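Please open the model in a viewer and keep the selection tool at hand. The tour below proceeds from stop to stop, stating what to select and what is to be found there.

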Amino acid sequence: MNQKDRKTTSVADQSAAPTEEISMASESQAPPAERRRRPRISTTPPAPAPPPVLDDYEPVIGRTQLDELRYLARGLRTKTVKMVNSTAVGGGVAEILNRLVPLMNELEVLTKWEVITGGNDFYEVTKGFHNALHGAEYQLSKEALEIFMTYNEQNRQRMEFAEDLFVIHDPQPAGLIGSREPNRGRWIWRCHIDLSNPHPDVWGFLRPMVEQYDAAIFSSPSFARQLAIPQYLFYPCIDPLSEKNKDLEASYIQKVCDDFGIDRTRPVVTQISRFDRLKDPVGVIQAYKMAKKYVDCQLVLAGGGATDDPEGAVVLQEVMDVAGDDPDVIILNLPPWSALEINALQTASDIVIQKSIKEGFGLTVAEALWKGKPVIGGAVGGIPNQIIHKLTGVLVHSVEGCAYQIRYLLTHPKFAAGLGRNGREHVKENFLITTNVKRWLLLFEAMLGMSRAA
Amino acid sequence: MASVALPEGNLRSRWARAPFYFNSAAHLLRILRQQASTLDEFLVGLQTVPDDSIFEHTFQTLQEHHFIREGFSNDFAHWAFASCNEIELAERLAGVDVREFTSIQSLRDTLVGIVEAYLKANPPARERQAREKFYFRASDTFVVPTPLMARNLPEFVDGLQKVSIYSIHYHFIDARLRLKLANNDFSIWLEEELDLGQLADRLNRIDIYTSTLQDVRYSLVHILEAAMDRPPRSRTA
């Protein structure tokens, strides 16, 4: 079979005819695993579900934990909070704020969420900053600095700063600290990105701004910088009630597997991630092939990025080439609104892999752990925060290590189940939205000097 | 197992001189400046970090990893094992039982002593690069009252079953640092307010390193219910 013709399940491919279906090569030429039913996924994003209320979390974390949140919020009821970021939709920060802000308000901690505005030139500069802060090459120009400061100044003039607490998310609005008044309000900078290896010029520009805040928050100790202000650790979080993480009906999970041609009578190993070299999908296939000499299994590679990102399409083609005509390698190119399908794929898996070579926090690991799955993760970025080696999952550093762990976990199901059990508890303890709410309440108390700290 | 000789009388109807108020605790994590890439740097960190960092990596980490039944003792031992591959050092650090310490200073001295002795016997280990850095954190503790209180053993058992595992950790493990005694809040209340010294002693001997905090809760309840001649409950009750 010509690998160019190898079919992936590419749902909602905008470049193809209006399709809710698999874009596929000739049915007659397709190998058995490719004669799949056509998954029914909308070509447009569905309307968002209404956000959960606090009581909805009781079955997940228990009444005592909800009572604790309410107790911690009690002293903050007369306080006001403003959260500011750079986008209302898309991206992990907006996703978290969409859940966090309603919960804080339900707890009667009056929390506003405002979004800064800027022209294309501003977002080009901040995208460059973002990549540079992740360590990419960057030429910091005087013009870029002026654009950054001009838009920050415009937003500063436009917005009011009358609250008790200000939480500024990420570098884009960091310049709002210029509105700080002496002895009034507390300012917190929440950095969601990995600053372990920033471009020195860009960080040299931002650092004096950051050090005017009262505190900074990082997602992992390894992402932080040496700063003159206190630094706090807030892990990113998942929402156990979101479409990506809520419990699903067994019949729905089966339907998704049937649609995608996944045989649930045999082991399923899955990696969910964009078709991006940093996620090492090719390495995952190589590991699967090594493991398959000893254990029977299917490999599911599901993700997006191949439709809207030219490099993603190239990586997807590489992945298909490496997969060859193996009918047990199932490659799914999904649209961004496939949360339920991703949930079903993770839930149906025997092992979930996140074999990244470079990673941010890698919340797909927490998603899989929450579903009680044994996870094999690359020891990079925030993954070691989620996987304690051999206790809540296994960490690997090579294709060979990944292959060995696939073999080991599939042949030691009791050990694998124990990892999954521990992993779910680890997520419950550290990576749920409710834990995140608690951290905010504690930090606000500490910042306002109303700490009940022992 | 030897049975506990209890004072005469019906324990179920005995009233405590003062009630037991169940509290809980919440923790805010700070990232400190100190980090270590080698055991030499790790030793300096152990010697210089604030007390609340030693607390975080020993006492508090037990709560954060409360679900692990075996193979986890404290962050220092885990790092020595997983990132430095110094198995002997890891074993020695893991053998430190926080319940034997009533002050952070004495715990710190013990940890420093273990690392110093190991490096003296294994000089090449001093500067060997760890696979992952150790990042020192610290923990700010916030006490959170609960609505639960007990005036007698049945109410006490009821409370133990309802409180969060954070409350169990606060009263049963953290208490040592507050009390400056090798004891816990539960045992002290039983002894001082209900004159149940032997029962108190039995609770204090529950092993926290081979149990999850849910196991600890189960053991507490099991011992107390047996003392009240109640039939044992199923583990999920």
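Select β8(A) and β11(A): these strands pair in the parallel sense over 3 bridges. Two strands pair if DSSP finds at least two bridges between them, and the strands themselves (E, at least two residues) and the helices (H or I, at least four) are DSSP runs, numbered from the N terminus. Within this pair, Val269(A) has Ile351(A) of β11(A) as its bridge partner.

The model is a predicted one, in which local features need pLDDT of at least 70 and side-chain atom pairs count only at pLDDT 80 or more, while totals for chains, interfaces and linings use all residues. Residues are numbered from 1 along each chain as its sequence is written, and chains are lettered from A and ligands numbered from 1 in the order in which they are written.

**Strand β8 and its other partner**

Remain with β8(A), residues 268–272, and colour it by burial. A residue is buried if 20 or more other C-beta atoms lie within 10 Å of its own, exposed if 12 or fewer, and partly exposed in between, with C-beta atoms placed from the backbone. Why is strand β8 of chain A largely enclosed by the rest of the structure? The reason is that 5 of its 5 residues are buried. One side carries Val268(A), Thr270(A) and Ile272(A), and the other carries Val269(A) and Gln271(A).

Next, add β9(A), residues 298–303, which runs parallel to β8(A) and is joined to it by 5 bridges. Thr270(A) has Val300(A) in β9(A) as its bridge partner. To follow the connection, trace the chain from β8(A) through helix α8 (residues 281–292) to β9(A); this β-α-β crossover is right-handed. The term applies if, with the strands pointing away from the viewer, the path from the first strand over the helix to the second runs clockwise.

**Strand β12 between β11 and β13**

Now select β12(A), residues 375–378. Which residues cover its two faces? Val375(A) and Gly377(A) lie on one side, Ile376(A) and Gly378(A) on the other, and all are buried. β12(A) pairs in the parallel sense with β11(A), residues 351–354, over 3 bridges, and Val375(A) is the bridge partner of Val352(A). From β11(A) the chain passes through helix α11 (residues 363–370) to β12(A) in a right-handed β-α-β crossover.

Add β13(A), residues 394–396: it runs parallel to β12(A), joined by 3 bridges. Here Val394(A) stands opposite Ile376(A).

**Two loop residues**

Move to Lys390(A), in the loop between α12 (383–386) and β13 of chain A. Its phi is near 70°, a positive value in a residue other than glycine. Lys390(A) is partly exposed, with 15 other C-beta atoms within 10 Å.

Then select Glu108(A), in the loop between α3 (92–106) and β3 (110–115) of chain A. Phi of this non-glycine residue is also positive, near 65°. Glu108(A) is partly exposed, with 14 other C-beta atoms within 10 Å.

**The nonpolar core**

In soluble globular proteins, nonpolar side chains tend to be buried together. A nonpolar core is a set of buried Ala, Val, Leu, Ile, Met, Phe, Trp, Tyr and Cys residues joined through C-beta atoms within 7 Å. The largest one here has 184 residues, and those with the most contacts inside it are Val300(A), Val319(A), Ile406(A), Leu441(A) and Ala80(B). Finally, select Val319(A), which touches residues including Phe275(A), Pro281(A) and Ile331(A) (C-beta atoms, placed from the backbone, within 7 Å).

Terms used:
Contact = placed C-beta atoms within 7 Å. Lists of a residue's contacts leave out its neighbours within four places in sequence.
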